[in-house]
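Take a look at the fold below and turn it around a few times. This report walks through a few of its parts, one at a time.

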Amino acid sequence: AAASIGSGYVDLPFLDNSSLGEGTQFAEVREFLEPALEVARANAILVCLETDLDSAKVRSLLDSLDHPAAAVCYDSGNSASLGHGIDQEFSAYGERIRSVHIKDRVRGGGTVPLGAGDADFDALFEQLERVSYAGPLILQAARGHDYLEAARRSIRFLNPYVTPEGLKC
């Protein structure tokens with residue numbers, strides 16, 4: 001389906017009720033994902049895994065999969081909420097990030113307007129620049145009741161970081 005609409009990415013969330021959890025055996029995940037990764041590779045699509053695992057476990061999962069179609073979907077809000085360190089995450093698997101969700105959350109809490117939570121956007125965009133990130137930036141900011149005004153606020157917030165041509169960093 002992704003190939004039919006010209007998408008080069010499919011984000012696959014392993015969070016909340018679909019979390020891989022601490023005890024997950026990566027062999028089980030590999031067995032589940034390998035057929036999809038082969039279809040993705042044949043159609044020039046990346047399967048971007050969004051997880052709540054710490055950076056070492058994400059790296060282990062990628063190493064376990066050892067597949068060119070396996071990549072990472074990085075979510076700035078989920079990372080902040082879980083207390084993960086951006087520098088540590090990007091050191092572990094930054095070169096494999098191919099999709100980014102722009103979101104802000106309070107540590108241990110829910111989504112809030114960009115800049116009102118614990119996501120470190122300065123560090124995020126520095127790391128994206130460091131790894132020469134050129135994939136999609138998917139806005140998942142808090143909306144409230146006035147969706148249009150929320151979108152405007154989010155765009156104003158992102159102006160120091162992003163232009164229509166790409167990252168400003």
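## Two cysteines without a bond

Cys-48 is tucked away from the surface: its relative accessible area is 0%, so it counts as buried. Keep in mind that this is a predicted model. Cys-73 is buried too, with a relative accessible area of 4%.

So do these two link up? Searching the whole structure turns up 0 disulfides. The reason is distance: the sulfur of Cys-48 has its closest cysteine sulfur in Cys-73, and because 6.3 Å lies between them, they are too far apart for a bond. To count as a disulfide, the two sulfur atoms would have to be within 2.5 Å.

## The sheet

Now zoom out to the strands. There are 5 of them in an open sheet, lined up in the order E1-E2-E3-E4-E7, and the pairing is parallel. At the edges sit strand E1 (9–14) and strand E7 (137–139), each of which pairs on one side only. The sheet isn't flat like a tabletop, either: on average, neighbouring strands are turned by 30° against each other, ignoring direction. In general, strands of a sheet pair through backbone hydrogen bonds, either parallel or antiparallel.

Let's go across it pair by pair. E1 and strand E2 (residues 46–51) run parallel and are joined by 6 bridges; here Pro-13 stands opposite Glu-50 in E2. Further along, E3 and E4 pair in the parallel sense over 4 bridges, and Cys-73 turns up again, standing opposite Ser-99 in E4. E4 and E7 also run parallel, with 3 bridges joining them, and Val-100 has Leu-137 in E7 as its bridge partner.

How enclosed is E4 by the rest of the structure? Largely, because 5 of its 6 residues are buried. Part of what lies over this region is helix H5 (residues 121–130), which lies across strand E3 (70–75), strand E4 (97–102) and E7, and runs at about 160° to E4.

## Val-72 and its neighbours

Val-72 has its place in strand E3. With a relative accessibility of 4%, Val-72 counts as buried. Which residues does Val-72 contact, leaving aside its neighbours within four places in sequence? Among them are Cys-48, Leu-49, Val-58, Leu-62, Tyr-93 and Ile-97.

Here's a nice bit of folding to spot in the viewer: Val-72 and Val-47 are 25 residues apart along the chain, yet their C-alpha atoms are separated by 7.7 Å.

## Helix H1 and its kink

Helix H1 (residues 26–42) is 17 residues long. From its first C-alpha to its last it reaches 23 Å, close to the 24 Å expected at 1.5 Å a residue. Still, there's a bend to find: a kink of about 40° lies at Leu-33, shortly before the proline Pro-35.

Which residues of H1 are buried? They are Phe-26, Val-29, Leu-33, Leu-37 and Ala-40. As general background, an α-helix has 3.6 residues a turn, so residues three or four places apart point the same way. What covers the buried residues of H1 includes E1, E2, helix H2 (55–65) and E3. Just after H1 ends, look for Ala-44, which takes a positive phi of about 55°.

Conventions: Residues are numbered from 1 along each chain as its sequence is written. This is a predicted model: local features need pLDDT of at least 70, side-chain atom pairs count only at pLDDT 80 or more; totals for chains, interfaces and linings use all residues. Side-chain values use heavy atoms; hydrogens and water are left out. Two strands pair if DSSP finds at least two bridges between them. Helices (H or I, at least four residues) and strands (E, at least two) are DSSP runs, numbered from the N terminus. Axes are lines fitted to C-alpha atoms, for helices over the stretch in contact, and angles run from 0 to 180 degrees between N-to-C directions. Contact means heavy atoms within 4.5 Å. The expected span of a helix is 1.5 Å times one less than its number of residues. The bend at a residue is the angle between axes fitted to the seven residues ending there and the seven starting there. Buried means under 20% relative accessible area, exposed over 50%, partly exposed in between (1.4 Å probe, protein chains only).
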